[in-house]
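The following account concerns helix packing and aromatic ring pairs. Please keep the sequence and the model in view while reading.

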Amino acid sequence: MKKDYYEILGISKQADAAEIKKAYRKKAIEFHPDKNPGDKQAEENFKTAAEAYEILSDPQKRQQYDQFGHQAFSGGGGFGGGQHMNMDDIFSQFGDIFGSAFGGGFGGGFGGGQQRRAKGSNLRIKVKMTLEEIVNGTEKKVKVKRKVQAKGVTYKTCPTCNGQGQVMRVTNTILGRMQSAATCPQCQGIGQIIDNKPKDADAFGMIAEDETVSIKIPAGVSDGMQLKVSNKGNDAPGNGVPGDLIVAIEEVEHEFLKREGENLHYDLYISFPEAVLGISKDIDAVNGKVRIKLEEGIQSGKILRLKGKGIPSLNSYGTGDLLVHVNVWTPRELTKDQKQFFEKSLNDQSFAPSPEKSEKSFFEKVKDMFS
């Protein structure tokens with residue numbers, strides 16, 4: 001079982017952004033490869049701390065983690081937070097956090113003296129999912145237009161920044177000489193420039209190509225949730241690290257079933273004779289029809305709970321229920337004989353309302369639903 005992200009960074013669940021950043025910097029410096037050469041465990045701790053920081057420093061990802069735990073980022077098909085990050089991912093995304101802790105900062109590799117590796121931009125798509133797919137989990141194949149390196153393109157180290165992607169500037173101020181880093185104007189921070197470019201490539205040696213990406217989506221996702229497929233965004237120039245494909249879930253409304261968290265609601269309408277005599281009914285559940293039995297004299301507003309017929313928990317905490325709301329339908333038009341029958345029954349005590357003490361009021365039922 002994966003360790004809790006808050007525990008990894010040694011912070012409480014109420015920690016603010018500044019506390020999270022400070023805790024991550026402390027852990028990253030402690031386990032940095034330059035400080036622990038050849039120590040595989042330190043390297044794993046370094047990656048784990050980066051994974052925790054990637055999730056907790058992003059308000060949306062942090063909210064998903066607080067609600068669903070690790071399952072929110074482990075749906076297969078490349079989903080995940082930092083669990084699939086390599087060292088280049090970490091240095092390119094979070095290198096600025098360390099400042100000058102290791103002399104020269106992080107150039108995208110170990111020791112700060114190696115060449116910088118650029119990271120490609122992320123791509124975002126929406127994936128529509130039916131209730132059936134949400135309940136069972138599914139695998140989607142989507143066509144994505146990605147930027148990839150053109151065949152035949154070659155790069156060489158940028159002579160201006162020597163592959164660092166940054167140039168140092170010295171400014172004379174009243175406080176003395178101040179040194180600052182700026183993005184290299186020749187390579188735009190990539191660290192490499194094109195040596196040979198095919199005709200169909202853009203200025204960075206990239207072309208757009210369609211690619212079919214297979215996405216495994218776990219059961220229990222919800223509308224608006226975002227999942228990540230690592231390395232399926234745009235490629236980066238100069239053999240850099242590809243970006244990610246961000247997948248936003250869009251839930252298609254079901255014709256009969258209404259979702260409320262992990263529970264489903266179904267409105268069942270029955271006739272007055274059916275309510276009086278009792279009847280068995282087939283109702284639409286997510287994975288087919290379910291037969292339920294209604295007792296004689298069932299009242300309108302009765303709620304029947306079908307255990308385990310709802311939405312699976314994304315955190316594997318079980319499955320929600322299907323709540324069947326019974327509604328007795330009152331006819332608007334009657335024949336003469338039918339009308340006479342009910343007129344004769346107006347004073348019949350069998351038809352007089354006589355709720356039992358055990359019968360809950362409407363407000364009590366509403367309270368039970370939301371408690």
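Rings of Phe, Tyr and Trp (its six-membered ring) pair if their centres lie within 6.5 Å, and planes under 30 degrees apart count as stacked, over 60 as edge-to-face and the rest as tilted. The model is predicted, so local features need pLDDT of at least 70, side-chain atom pairs count only at pLDDT 80 or more, and totals for chains, interfaces and linings use all residues. Residues are numbered from 1 along each chain as its sequence is written, and side-chain values use heavy atoms, without hydrogens and water.

The ring rule yields six aromatic pairs. One of them, Y5 with Y65, is tilted, at 4.6 Å centre to centre and 40 degrees between the planes. Because Y5 lies in helix α1 (residues 5–9) and Y65 in helix α4, this pair ties together parts that are 60 residues apart in sequence; helices are DSSP runs (H or I, at least four residues), strands likewise (E, at least two), numbered from the N terminus. Both Y5 and Y65 are buried, meaning under 20% relative accessible area, where exposed is over 50% and partly exposed in between (1.4 Å probe, protein chains only). Ring pairs link Y5, Y6 and Y65 into a cluster.

Helix α4 (residues 59–68) also meets helix α3 (residues 40–56): their axes come within 6 Å and cross at roughly 105 degrees. Axes are lines fitted to C-alpha atoms, for helices over the stretch in contact, and angles run from 0 to 180 degrees between N-to-C directions. The contact (heavy atoms within 4.5 Å) involves E54, I55 and L56 of α3 and K61, R62 and Y65 of α4.
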